[in-house]
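Take a first look at the chain below. This report starts at one end of a helix, follows that helix, and then turns to a pocket.

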Amino acid sequence: MEISLYEAIGEEGFNEVTKAFYSQVPDDEILGPMYPPGQLEDARVRLRDFLVGRFGGPPRYILRRGHPRLRMRHMPFPIDRRARDRWVELMATAVEQSGIPAGAAEQLMRFCENAATFLINRQA
């Protein structure tokens, strides 16, 4: 029987990944400007809760915010191929820094790459 990604890395794994990701955002010239000052921690918690629920953990994101509606929620942000690629790059660095097992890292990155592509809403 296959275990879920949540069972493999737990709450702490998702915490570590999202902390490592958002620690890179303020100084990033592409992604940094998309986040209003003082809202990085709220964004981190939303991403963590979304990923936790998506990969088999408690559905906190849905209970607090309803259906993810990712495209609608991201429409105000200028996400072109360059922004998508940078998001994936920072996430890959975060996943590596978090030290989660290789199989879990691959599964998480596959999802993140596909989701980031899905969210492209501008032409470069």
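D80 caps the N-terminal end of α5. One of its side-chain oxygens lies 3.2 Å from the backbone nitrogen of R82. The model is predicted.

**Helix α5**

Helix α5 covers residues 81–98. Does its length agree or disagree with what its 18 residues should span? At 1.5 Å a residue, α5 should span 26 Å. The C-alpha atoms at its ends are 25 Å apart, so the length agrees.

Many positions in α5 can be named as buried. They are A83, R84, R86, W87, V88, L90, M91, A94, V95 and S98. What do these buried residues pack against? Their partners are α1 (5–24), α2 and α6.

S98 belongs to helix α5. Its relative accessibility is 18%, and buried means under 20%, so S98 counts as buried. Setting aside neighbours within four places in sequence, S98 is in contact with E16 and V17. Just after α5 comes G99, which takes a positive phi of about 75°.

**A loop residue**

Q39 sits in the loop between α1 and α2. Is Q39 buried or partly exposed? Its relative accessible area is 38%. That value falls between the 20% limit for buried and the 50% limit for exposed, so Q39 is partly exposed.

Q39 can also be placed relative to Y61. The two residues are 22 apart along the chain. Their C-alpha atoms are separated by 17 Å.

**The largest pocket**

The largest pocket has a volume of about 700 Å³. How many residues line it? The lining has 26 residues. Y22, Y35, H74, W87 and L119 lie nearest the centre of the pocket. W87 is also one of the buried residues of α5.

The table sorts the lining by class.

| Class of lining residue | Number of residues |
|---|---|
| Nonpolar | 20 residues |
| Polar | two residues |
| Charged | four residues |

Which helices supply at least two residues each to this lining? They are α2 (40–54), α3 (60–65), α4 (70–74), α5 (81–98) and α6 (102–118). The largest share comes from α2, with five residues.

**Putting it together**

Helix α5 links these topics. D80 caps its N-terminal end, and G99 follows just after it. Its buried residues pack against α1, α2 and α6. Helix α5 also supplies at least two residues of the lining of the largest pocket.

Methods. Residues numbered from 1 in each chain as written. Predicted model: local features only at pLDDT ≥ 70, side-chain atom pairs only at ≥ 80, totals over all residues. Heavy atoms only, no water. 1 Å grid on protein atoms, 1.4 Å probe; cavity = no way out; pocket = protein on both sides within 12 Å on 5 of 7 lines; lining within 4 Å. Points joined across faces, edges and corners; volume = space filled by probe spheres on them. Helix = DSSP H or I, 4+ residues; strand = E, 2+ residues; numbered from the N terminus. Nonpolar A, V, L, I, M, F, W, Y, C, P; charged D, E, K, R; others polar. Expected span 1.5 Å × (residues − 1). Buried < 20%, exposed > 50% of the residue type's maximum accessible area, 1.4 Å probe, protein only. Contact = heavy atoms within 4.5 Å. Polar contact = N/O pair within 3.5 Å; in protein donor to acceptor, adjacent residues only side chain to side chain.
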